[in-house]
2 protein chains.
Amino acid sequence: MPPSTPDDTPVAFQDPQYREAVIDLLAAIAYGEISAFERLAEDAKLAPSLEDKVAIASMASAELGHVASLRARLAELGADPFAAMAPFRRPIDKFHEHTAPADWYEGLIKAYVGDGMANDFYREIAAYLDPDTRDLIVASLEDTGHSEFVVGRVRAAIAADPRLGGRLALWGRRLMGEALTQAQRVAADRDALTALLAGGIDRPGLDLAALGRMFARITERHAERMAELGLDS
Amino acid sequence: MPPSTPDDTPVAFQDPQYREAVIDLLAAIAYGEISAFERLAEDAKLAPSLEDKVAIASMASAELGHVASLRARLAELGADPFAAMAPFRRPIDKFHEHTAPADWYEGLIKAYVGDGMANDFYREIAAYLDPDTRDLIVASLEDTGHSEFVVGRVRAAIAADPRLGGRLALWGRRLMGEALTQAQRVAADRDALTALLAGGIDRPGLDLAALGRMFARITERHAERMAELGLDS
């Protein structure tokens, strides 16, 4: 048993691979939120009014606000939080490079749909983890509370210019495609994280059929969000 | 008496010019904080490490976090918060245009020294206001809690490269000069705000000698912060 796992550690953490996977997962979420802050702060520049700018900037701040508790937990688990985030910088940065919004509305949709997709994915994984880790993840994915703002702005813009709907629907599909591409890249690189889904000492795992259902649920919720925005998915 | 001042309004607010001045002041502080968010988020890109980036991004978020209560109070006073901010966008944006940091250290110093100067100035003015407004202003200027981080980083950099100290000392003087230039522009444009300092029905005002002492205190505290950073002022 490694020195950093005292005997009152949950059984799951006595499996070094589990510990490694949890570190990976928390680090990926933390870097995702830092990176979301950066992109939203950048998108705020595209805002057509000061009020819109403040709305997007507040979403950026809310994302960053979750990082502190993830950092603290990574340190508790004996990891250097920023070193743990390093392997996720490239795939997450790539996702953002490939999905740089061309205008304010693409930015809004990315904020709402992209954030929603990532949250659904992490919540699905969290269901297979020890309760403390699960609670931390769920808390750190708390809604930034601006869905209403995004939905209102996007629906009004489409009502004013129906052609915008077609372009934004394509944009939503591209976001989903890029997210899957990068998620697959992470899965191929991070053995512990992938093994996590297969289960462990005291945790049930996912067989292929269950994994398929998980992705079906994520896709389904993506479609619901697109519909909420008044867009085909 | 305007319809939006019920009888339980503090005496001060029964003076329409006082009300106008408080709206101006809260709006200037709010826009200053929105704008600080934007600049710090931009400076975060210059960060040499992910940890440094998160530290600056957290300062940006802390600034933005104060805007909500200022907006709420502006609305209570019967103002459209974003319209009230409009007159301050140009001078504050100009300040930032003229003080765009050339590197990470200039950005750090601007965050620490610039923020400190603005806070001192608003706190000085707050002393002449009704208690509710004063408390709101003081709370919205709460330290973003990252002074220690900035001081540590800057001192270490100067220790490693003493020539940096000379350049950064000049930079500190330029920040002070630009701030005074823009403050003077605001004073020339906003009569109510200037009249505020002259006093009113139930508030003492500042004569020229008192105004001089106020600026001396602000300059003094600027020098203290520069010394804290290991820089001449």
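Just after helix α10 of chain B, the residue B:Gly230 takes a positive phi of about 85°. This structure is a predicted model, and the end of α10(B) is a convenient place from which to begin reading it.

The helix that precedes this glycine spans residues 208-228 of chain B and has 21 residues. From its first C-alpha to its last, α10(B) reaches 30 Å, which is close to the 30 Å expected at 1.5 Å a residue. Its buried residues are B:Ala210, B:Met214, B:Ile218, B:His222, B:Arg225 and B:Met226. Among the elements that cover these residues are two other helices of chain B, α5 (104-126) and α8 (163-189).

A second helix of chain B may be read in a similar way. Helix α3(B) comprises residues 67-76, and its buried residues are B:Val67, B:Leu70, B:Arg73 and B:Leu74. These residues lie on the same side of α3(B), because they cover an arc of only 130° around the axis. On the face turned away from that buried side, the helix carries the exposed residues B:Ala68 and B:Glu76. The cover over the buried residues of α3(B) includes four helices of chain B: α1 (16-43), α2 (50-65), α4 (81-98) and α6 (131-140). After α3(B) there follows B:Gly78, whose phi is positive, near 85°.

Attention may now turn to chain A, and to one glycine within a helix. A:Gly177 is found in helix α8 of chain A, which covers residues 163-189. Is this residue buried, partly exposed or exposed? A:Gly177 counts as partly exposed because its relative accessibility is 34%, and the partly exposed class lies between the limits of 20% and 50%. Along the chain, A:Gly177 and A:Phe95 are 82 residues apart, yet their C-alpha atoms are separated by 9.9 Å.

It remains to consider how the two chains are arranged. Chain B is superposed on chain A by a rotation of 180° with 0.0 Å of shift along its axis, and the RMSD is 0.0 Å. The two copies are therefore related as by a two-fold rotation axis. Which residue of chain B has the C-alpha nearest the axis? That residue is B:Ser61, whose C-alpha lies 2.5 Å from the axis. The interface shows a corresponding pattern: 100% of the interface residues of chain B are also interface residues in chain A, so the copies meet through the same surface.

Key
Residues are numbered from 1 along each chain as its sequence is written. Chains are lettered from A and ligands numbered from 1 in the order in which they are written. This is a predicted model: local features need pLDDT of at least 70, side-chain atom pairs count only at pLDDT 80 or more; totals for chains, interfaces and linings use all residues. Side-chain values use heavy atoms; hydrogens and water are left out. Buried means under 20% relative accessible area, exposed over 50%, partly exposed in between (1.4 Å probe, protein chains only). The arc is that of the directions from the helix axis to the C-beta atoms. Contact means heavy atoms within 4.5 Å. Copies are superposed by least squares on the C-alpha atoms of residues with pLDDT of at least 70 in both. The expected span of a helix is 1.5 Å times one less than its number of residues.
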